[in-house]
Amino acid sequence: MIHITLLALAAVFSLQAQESKIDPQVSKAISGGRSVSVLLLGEKQLLQGPKGFSEFCQKNSGSKRRELRAQLIVQLKKIAKAEQVALRKELKLPRETQGLWLVNAVAATLTPEAIRAAAKSERVKYIYPAGPIPQGQGRGRVGTVLGKRAVRPFSTKGKTIPWNLKALKADQVWSQLGITGGGSVVAMYDAGVDYNHEDLRENIWRNPGERANNGKDDDGNGWVDDIYGFNFRFGSPEVKPNSVQAGRLQHGTLTSGIVAGDGTGGTITGVAPRAKLMPLLGWGGPYGAARVHEYALENGADVMNMSFSIPNLGHTRGLWRLMSEHATAAGLVLVSGAGNFQSLSRPVQLRIPEGIPCVIAAGGVDRNLKIPNFVSLGPVEWGSVKFYEDHPMPKGLIKPDVSAFPGPNYPVLANKRGYLDPNNRVRGNSFSGPHVAGTVALMFSANPELTAWRVKEILEVTATDLGSKGKDNDTGAGLLNALAAVKAAIAEKK
Ligand SMILES: [Ca+2]
Ligand SMILES: [Ca+2]
Ligand SMILES: [Ca+2]
């Protein structure tokens, strides 16, 4: 009798263990009996738990960023391949299942039965919602193929330099240090970039091994005709914004202008006017996000600007954190605006990706260094998120990390050519992020071997403190100081 009771208890525990591996959002979806796109996170990962990333950083503090990236890509792919071959066999997963390597995970649309079966596997750590899993590695054409002109040396002669760039001392980096972003690549994870805008077209990254519009993956990176980047949302190499997805203002063109607008039309809008821009599109969930991060890492982006903010992700925040920590370990600096949601609730929880510890969250102040009433504020809690459970409230994690200018009242690019009317009221922390991403491009231009986590530390120690003393939940470590940050980057040359 006792024996039978124990067995029954064991069965209950095992059922709970399976159920607890299925994210509540997935559980809810499969309870209706329908198939769901899920991401099966493997048990084996490069970094684990709340301390995995910081221990990795300590151990690798003497590393050179580009060598470390090459090593980590090999290592991450090795883990993914070995584990996923075994997992596919064990679970008899359908052929169209997509394997990721940034994190060891496979993405597939599975029936409720298949999801419950996957939860029983010892190789599966957790089952997250994947979002859309678009198929296709390059349909469609790149609309405009830019001529291969030599890039002119950058000059400020005859050009206006707006107040925001001066306040961050970007112009002093160009004039005093002669550094304008050359050699750095900034991935713009956004809604597409008008790469033919006269202030941007000399600064568009070009995939050296790819030929445009021949229907072939010439460089063998897995993506067809990706000469300027890739649109992972539509499986297309065209990275120009289309009006439906980008809206009237062409969000990604504006943010790109703040990173690298070179003032060809008369006004310099960019912090790093000779950095390269790599447009990447991939809304719609963690699967698409993982593909964007993987592309940026494999194709040489140094920093990635993410001017978006996703709420209510629950435990899936942990999956984003794992992706971000792996990418940062591999030398990609991640930057995101703090969001524009102060009026929604207090305290204001920064969302994803800006609430992730290793992602640099850019807060915002106006020209008088006051906080506008829309800017999201910290702290951020992680106490409720599976596999991390650190930074519990009320103290939480201090965010944002640094502050820049969300506008309005400085020039930004207009559709197709020129600039918006100087009295435009366009504003938002979507614009704070690119000021930081541009500064990081300047730092890497001066010292490409800085580790990605060290870049975040330098930005914070060189920022000008605002508000209450020290790093705070309104303005982070203070106002971005591009000149001090680049000088510190140079001082640390290996
Ligand atoms: Ca390719
Ligand atoms: Ca091609
Ligand atoms: Ca402060």
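Does Asn221 count as buried or exposed, and what is the relative accessibility? Asn221 counts as buried, because a relative accessibility of 16% is under the 20% cut-off. The model discussed here is predicted.

## Calcium ion (ligand 1)

Asn221 is one of the residues that coordinate the calcium ion (ligand 1), through OD1. The other donors are Glu210 (OE), Asp217 (OD), Asp219 (OD), Trp223 (O) and Asp226 (OD), and the distances run from 2.2 to 2.4 Å. Along the chain, these donors follow the spacing E-x6-D-x1-D-x1-N-x1-W-x2-D.

The six donor atoms make angles of 75 to 160 degrees, and the site is irregular. Asp219, at 28% relative accessibility, is partly exposed, whereas Asn221 is buried at 16%.

## Calcium ion (ligand 2)

Glu210 (OE) is a donor to the calcium ion (ligand 2) and also to the calcium ion (ligand 1). Glu210 is buried, with a relative accessible area of 3%. Around the calcium ion (ligand 2), the remaining protein donors are Arg211 (O), Asn214 (OD1), Lys216 (O), Asp218 (OD) and Asp225 (OD), at 2.2 to 2.4 Å. Arg211 and Lys216 thus contribute O atoms, while Asn214 contributes OD1.

What geometry does the site of the calcium ion (ligand 2) have? The site is octahedral, with angles of 73 to 170 degrees among the six donor atoms. In sequence, the donor residues are spaced E-R-x2-N-x1-K-x1-D-x6-D. Asp218 is partly exposed, at 33% relative accessibility.

## Calcium ion (ligand 3)

The calcium ion (ligand 3) is coordinated by Asp465 (OD), Leu466 (O), Ser468 (O), Gly470 (O) and Asp472 (OD), at 2.2 to 2.3 Å. Leu466, Ser468 and Gly470 each donate through O, and Asp465 and Asp472 through OD. The spacing of the donor residues in sequence is D-L-x1-S-x1-G-x1-D.

Two of these donors can be placed by accessibility. Leu466 is buried at 11% relative accessibility, whereas Gly470 is partly exposed, with a relative accessible area of 29%.

## Domains and their interface

The protein chain is assigned domain 1 (27–129) and domain 2 (163–491). The C-alpha centres of domain 1 and domain 2 lie 26 Å apart. Across the interface, 33 residues of domain 1 are in contact with 39 residues of domain 2.

How much area is buried between domain 1 and domain 2? The value is about 3200 Å², and carbon and sulfur atoms give 65% of it. Within the part that domain 1 buries against domain 2, Arg65, Arg69 and Leu102 supply 25%, more than any other three residues.

## Polar features of the interface

The interface of domain 1 and domain 2 holds three salt bridges. It also has 18 residue pairs in polar contact, counting pairs with both residues at pLDDT 80 or more. A salt bridge joins the side chains of Lys77 and Glu298, with an N to O distance of 2.4 Å.

Notes: Residues are numbered from 1 along each chain as its sequence is written. Chains are lettered from A and ligands numbered from 1 in the order in which they are written. This is a predicted model: local features need pLDDT of at least 70, side-chain atom pairs count only at pLDDT 80 or more; totals for chains, interfaces and linings use all residues. Side-chain values use heavy atoms; hydrogens and water are left out. Donors are N, O and S atoms within 2.8 Å of the metal (3.2 Å for Na, K and Ca); water is not among the atoms, so sites may look incomplete. Four donors count as tetrahedral if all angles lie between 85 and 135 degrees; four count as square planar and six as octahedral if opposite donors are over 155 degrees apart and all others between 65 and 115; anything else is irregular. Buried means under 20% relative accessible area, exposed over 50%, partly exposed in between (1.4 Å probe, protein chains only). Domain bounds come from an automatic or database domain assignment. Contact means heavy atoms within 4.5 Å. Buried area is the accessible area (1.4 Å probe) that two parts lose on being put together, summed over both. A salt bridge is a side-chain nitrogen of Lys or Arg within 4 Å of a carboxyl oxygen of Asp or Glu. A polar contact is a pair of N or O atoms within 3.5 Å; within protein, one must be able to donate a hydrogen and the other to accept it, and residues adjacent in sequence count only if both atoms are side-chain atoms.
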